[in-house]
Amino acid sequence: MALTLLEGNEAIGWGALDAGCRFFAGYPITPATTVYNTMLRLLPPSGGICLQGEDEIASIGFCLGASMAGLKTMTATSGPGISLYSEQISFAVGSEIPIVIVDVQRLGPSTGSATKGADGDIQFLRWGNSGGQPVIVLAPVDVKDCYILTRHAFNLAEIYRCPVFIAANKEISMTRETLDLDGLNKPEIRNRKTADPDRPFLPFATPEGRLTPDFLPIGGDRLVRQTSSTHGPDGYITTDPALIGQTQERLMKKLESAVDGFTFFDEETVPDADTLVITYGVSGRAARDAVRSLSGTDRPASLLVLKTLWPVPEKRIQEAAAGYERIVVVEMNLGQYVREIQRLLPGKDISFVGRMDGELVKPGEILEVIHG
Amino acid sequence: MDSLLNSSRPPVFCPGCAHERVVRALDQALTGMGLSGEQVVIVTDIGCSGLFDTFFNTHAFHGLHGRALTYATGIKMARPDLTVIVTMGDGGLGIGGAHVLSTSRRNIDLTLLVLNNFNYGMTGGQCSSTTPQDARVGSGFLNRIERPVDICEVAGAAGAAMMVRASTYQKDLVDQMQSAIRFKGFSVMDIRGVCPGRYTKHNKLTPNAIETELSGFPPLDHYAARNARTEYGTAYRREAAKLEPVPPPARIHAEHQAPQSGRREMVILGSAGQRILTAGEILCLAGATAGLHATQKNDYPITVMRGHSVSEMILDEHEIGYTGIENPSVVAALAPEGVARRKKMFAGLSADTLVLAAAGVELPDTPARVETIDFKALKLKSPDRALAALARLAENRRMLTPEMLDSALALRFKGRVLEGARYVVETGRS
Ligand code: SF4
């Protein structure tokens, strides 16, 4: 085994490059800047493109254009930039443009604290688009996840033609950590499915039995239309309620019905435990320490660390929680994802541990709540 | 081919709308240049001018209001061979002003057609960024108290070399468009016309009046020479071709034996400019040379050259969970700024903790063992103290060994910097 020392943001950059990312555009913002720095180092010498937009809106706009021209694209920002991305995110959702969006979360609200961590955007990432259609959000726990989940994020963006978020946190992204890069279980590279050359091409038509349209790039030898307006399969504006309804239901279903196929998580199950700790992101580390410190005691606890947050992996959560009376949810905010857990597990005794002051949740705080 | 117009989707503008003439002129311009639909992308945004892409059999990209230039830039960088035409109204121009400025500064090979009809047609004739102050529009008195923008002058000031103020009705509109499209760089056409649906209901504006007004503007010719330069994408590719590929991240093999086992934590408390983060990184690299996992969590303000700098490192044979400091093995107190930042920590330290304090840095009361280093006497400058503190630890075989430290330096530095670092280590040991 050999170890590599990387910052979380550098690992995201390498993961992107290895996933086939060939276009990055961003606007510097702490704590996401080092993703941009990394891409600027990696992409131009390898034939890729890395641009610095005049603002966040331009940066993600460059990416959407390049993605429709066929390149795998990524952008990275933090809370204030995600807010500016919002309208473009809605566009990528509704018009099925593959893109990976890294949100290195920092303490909000608003400009908040540039150098303090948080997981305060977790509901915002899900609901921060107009229309409220689903998105995919993956949350890394450590530098290893930064690499691996970024590779998964590109695959998912390609397969489902949608924005995929990496919900990082200053406390992972700007933390340096060793990892065994060669020992990682790397997913195979997936590419968007291109349309059959022998059949007429409609940019938003889905082949029989599938929920994601085939892709052709803008600039290819068959004409492609992309539009942010409500459209039918032909990419022209439509006012037909039946056609509109079908498309909107498909957008929802294509992700929500597929989440079992990309539910990433870590689990530590302890027999006889009556408590299950559910968490995600950097808090997964403190939770693991807390749960492990209880092994062999008379009050052990089990652990579920979710890495796919949206769509909510409902089945996994319900199955994992089935044998437990008590659930402890840990988040680096004042209670966001716990709402999903409460919705999914009615009747269970659900406690919450969280903080929003720029400090990590400590293992001791989690233990206190486990002990009741 | 005689036309790129989409025969199944004829223009749907109000009768007499200037946009319809521009659609036909653009068609003639493109076909006259021998371009096929596959070679052209029309990028549009919102408003009546945002319908343009639907009338053509070309590639089409219709997006958010004011943002058309952003998509066009991405497309052009990805596919430099395509002819990319952007249309915007005076509404998109106002919303996306920052993009017009930056595209002018970049000089990327796009052609921007501003369909300027002096008001927002689609939403009810409100004033736009180009509405004259004496016009009657749907924004009450508001247009009377702000000035219209002359986008060609603005683009020229921002670095664009090819600007044309044009009337929808001028005879050589197609020729002018072709020169704009042929231009290797960013070109802007401010194409003025009437909006019978809204604007000319309350304002008198005729093709003649537009031409008369145009003749009163200062000329733009001087920008051609002043702003002439290599097109952005060409310049980008030329610069990128000079870069060496980046080697993959270093793999560090375990070659040393760590002096202790279990989780070991170190905190370095310093100030900006003391290379605290670099020292922390070196400790992590040193750990890796003994096969240890390592984390480094930093705390510093956004100011670069002033304030505290705190670095917290953990080494462990096992993967590290919580990255915060619970029970440090070592605290290096190198500057008052850092100590102030972790004041509360000192009282809670254990008697096993070693505090390496720079002489003169005052410490809060602590049960930990304190060792003072007189860096001045050692002639070690402030930026070298963190590394010297590591040397002292290595000498005591605490957290790391001299061999681990030296391998870490060799991983991190080269040449004279490495020699300098080794000198600091040698001096700091004693
Ligand atoms: S409202 Fe004005 S700009 Fe819009 S189609 Fe009618 S005349 Fe043309």
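This is a short walk through a predicted model with two protein chains, A and B, and a ligand.

Hi everyone, and thanks for coming. Please keep in mind throughout that the model is predicted. I'll begin with the domains, then turn to the ligand, a pair of helices, and some individual residues.

Let's start with chain A. The assignment divides chain A into domain 1, residues 1–262, and domain 2, residues 266–371. Taken over C-alpha atoms, the centres of these two domains of chain A are 28 Å apart. There is contact between them: 32 residues of domain 1 of chain A meet 25 residues of domain 2 of chain A.

Chain B also has two assigned domains, with domain 1 covering 18–241 and domain 2 covering 264–429. Here the C-alpha centres of domain 1 and domain 2 of chain B are separated by 58 Å.

Now for the ligand. Which residues are around the ligand? They come from chain B, and among them are four cysteines: Cys14(B), Cys17(B), Cys48(B) and Cys195(B). Also around the ligand are Phe13(B), His19(B), Asn117(B), Gly121(B), Pro196(B) and Gly197(B). Sorted by class, that shell holds six nonpolar and four polar residues, and no charged ones.

While we are in chain B, have a look at Phe118(B), in the loop between strand S4 (111–116) and helix H5 (151–158). Phe118(B) is not a glycine, yet its phi is positive, at about 70°. Is Phe118(B) buried or exposed? Its relative accessible area is 4%, so Phe118(B) is buried.

Arg397(B) also has a positive phi without being a glycine, this time about 50°. You will find Arg397(B) in the loop between helices H13 (385–395) and H14 (402–412) of chain B. With a relative accessibility of 44%, Arg397(B) is partly exposed.

Next, helix H10 of chain B, residues 232–241. Its buried residues are Gly233(B), Ala235(B), Tyr236(B) and Ala240(B). Why do they line one face of the helix? Looking down the axis of H10(B), the buried residues fall within an arc of 160°, so they share one face. There is a general point behind this kind of pattern: an α-helix has 3.6 residues a turn, so residues three or four places apart point the same way.

And what covers the buried residues of H10(B)? The cover includes strand S3 (49–52) of chain A along with helix H2 (68–78) of chain B. At the start of H10(B), a side-chain oxygen of Glu231(B) comes within 3.2 Å of the backbone nitrogen of Gly233(B).

Two more residues of chain B also touch chain A. Arg106(B) belongs to helix H4, residues 97–106 of chain B, and is buried at 11% relative accessibility. Leaving out residues up to four places away in sequence, Arg106(B) touches Gln52(A), Gly53(A), Glu54(A) and Phe62(A) in chain A, plus Arg229(B) and Tyr232(B) in chain B. Leu243(B) sits in the loop between H10 and strand S7 (252–253) of chain B. Leu243(B) is partly exposed at 42%, and, neighbours within four places aside, is in contact with Pro44(A) and Pro45(A).

Back to chain A for our second helix, H12, residues 363–371. Pro363(A), Ile366(A), Leu367(A) and Ile370(A) are its buried residues. They cover an arc of only 100° around the axis, which means they are on the same side of H12(A). They pack against helix H9 (283–293) and four strands of chain A: S12 (275–280), S13 (301–306), S15 (326–331) and S16 (349–354). Just after H12(A) comes Gly372(A), with a positive phi of about 75°.

Chain A also has some cis peptide bonds to point out. One joins Thr30(A) and Pro31(A), with omega about 5°; Pro31(A) is in the loop between strand S2 (23–26) and helix H2 (33–42). Another joins Gly108(A) and Pro109(A), with omega about 0°, and Pro109(A) is in the loop between strands S5 (99–107) and S6 (113–117).

One last stop, in chain B. Glu362(B) lies in the loop between strands S12 (354–358) and S13 (369–373), and is exposed at 73% relative accessibility. Glu362(B) and Ala335(B) are 27 residues apart in sequence, with 8.8 Å between their C-alpha atoms.

That's the tour. Thanks for listening!

Key:
Residues numbered from 1 in each chain as written. Chains lettered and ligands numbered in written order. Predicted model: local features only at pLDDT ≥ 70, side-chain atom pairs only at ≥ 80, totals over all residues. Heavy atoms only, no water. Near = heavy atom within 4 Å. Nonpolar A, V, L, I, M, F, W, Y, C, P; charged D, E, K, R; others polar. Domains from an automatic or database assignment. Buried < 20%, exposed > 50% of the residue type's maximum accessible area, 1.4 Å probe, protein only. Arc of directions from axis to C-beta. Contact = heavy atoms within 4.5 Å. Polar contact = N/O pair within 3.5 Å; in protein donor to acceptor, adjacent residues only side chain to side chain.
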